[in-house]
Amino acid sequence: MTSPFRSSVHKVRPEWIDYNGHMNMAYYAVIFDEAADEIYPQLGFGPDYQKTGFTTYTAEFHICYLRELHLNDPVAVTLQLLDFDEKRFHLYQEIWHEDGWCAATGESMGLHIDQSGPKVAPMPNEILTQMQNLYDMHRDLPHPDRAGRKIGIVR
């Protein structure tokens with residue numbers, strides 16, 4: 001794979017538009033989440049995975065808003081696996097307008113969860129294998145400039 005995973009096209013919905021006439025900030029997270037749900041089954045985290053007693057949680061999510069989105073704007077989301085271990089996975093995503101510009105970036109730390117705790121727990125070997133396969137496809141992609149950013153006022 002010479003590029004990150006690319007989601008299907010999503011359209012900005014009327015209920016996502018705020019009083020400023022553009023997409024409300026909260027719905028960027030919704031688009032990122034819906035796009036991740038498209039690749040999760042390939043990793044083994046499909047809709048039925050939680051029936052095993054395990055699931056995933058997002059521990060942290062950072063969004064950088066680059067350009068406004070408006071009603072009916074068609075966008076797709078790219079996703080790159082930056083790193084993982086037996087309990088965590090570090091993802092980087094970008095929302096791309098069909099006209100070729102990036103509207104936002106998102107970076108997350110996902111956790112594999114044993115729901116009996118709930119507590120962080122190792123992923124099963126078959127999921128670790130799928131994570132390794134995705135990582136192998138993404139490992140030679142350039143590291144995104146916006147990955148690893150921190151928030152703060154530089155003085």
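Begin the tour by selecting K150, which is found in the segment after helix α2 (125-138). K150 is exposed, with a relative accessible area of 78%, a value that exceeds the 50% cut-off for that class. Please note that the model on display is predicted. From K150, add I95 to the selection: the two residues are 55 apart in sequence, and their C-alpha atoms are 20 Å apart in space.

**The whole chain**

Next, display the entire protein as a cartoon. The secondary structure comprises 2 helices and 7 strands, and from the N terminus on the order of the elements is β-β-α-β-β-β-β-β-α. The radius of gyration is 16 Å, close to the 15 Å that the globule rule gives for 155 residues, so the protein is as compact as a globular protein of that length. Taken along the principal axes, the box filled by the C-alpha atoms is roughly 45 × 35 × 35 Å.

A surface view may be switched on at this stage. The protein exposes about 9,100 Å², of which carbon and sulfur atoms supply 50%. Buried residues account for 41% of the 155 residues. If the charged side chains are coloured, 13 positive and 22 negative ones appear, and the centres of the two sets lie 5 Å apart. As for contacts between residues at least 6 apart in sequence, 70% of them join residues at least 24 apart.

**Strand β5 and its partners**

Now select strand β5, residues 88-97. Is this strand largely enclosed or open? Of its 10 residues, 8 are buried, so β5 is largely enclosed by the rest of the structure.

Add strand β4, residues 74-84, to the selection; β4 and β5 pair in the antiparallel sense over 9 bridges. The two strands form a hairpin with 3 residues between them. To inspect one position of this pairing, show L79, whose bridge partner in β5 is Q93.

Then add strand β6, residues 102-114, which pairs with β5 in the antiparallel sense, again over 9 bridges. Here Y92 stands opposite E107 in β6. The hairpin of β5 and β6 has 4 residues between the strands, and within this hairpin G100 takes a positive phi near 100°. While the strands are in view, the side chains merit attention: in a regular strand they alternate between the two faces of the sheet.

**Two loops**

Continue past β6 to P118, in the loop between β6 and β7 (119-120). Which form does the peptide bond from G117 to P118 take? The bond is cis, with omega near -15°.

For the second loop, return to N72, placed between β3 (54-65) and β4. The phi of N72 is near 70°, a positive value in a residue other than glycine. At 45% relative accessibility, N72 counts as partly exposed, because that class lies between the 20% and 50% cut-offs.

**Helix α1**

The last stop is V30, in helix α1 (residues 26-43). V30 also counts as partly exposed, here at 28% relative accessibility. Finally, select W16 together with V30: the two residues are 14 apart along the chain, and 9.7 Å separates their C-alpha atoms.

Methods: Residues numbered from 1 in each chain as written. Predicted model: local features only at pLDDT ≥ 70, side-chain atom pairs only at ≥ 80, totals over all residues. Heavy atoms only, no water. Rg over C-alpha atoms; globule rule 2.2 N^0.38 Å. Buried < 20%, exposed > 50% of the residue type's maximum accessible area, 1.4 Å probe, protein only. Contact = heavy atoms within 4.5 Å. Areas by Shrake-Rupley, 256 points an atom, 1.4 Å probe, with all protein chains shown as cover. Lys, Arg positive; Asp, Glu negative; His and termini not counted. Charge placed at Lys NZ, Arg CZ, Asp CG, Glu CD. Pairing = 2+ DSSP bridges.
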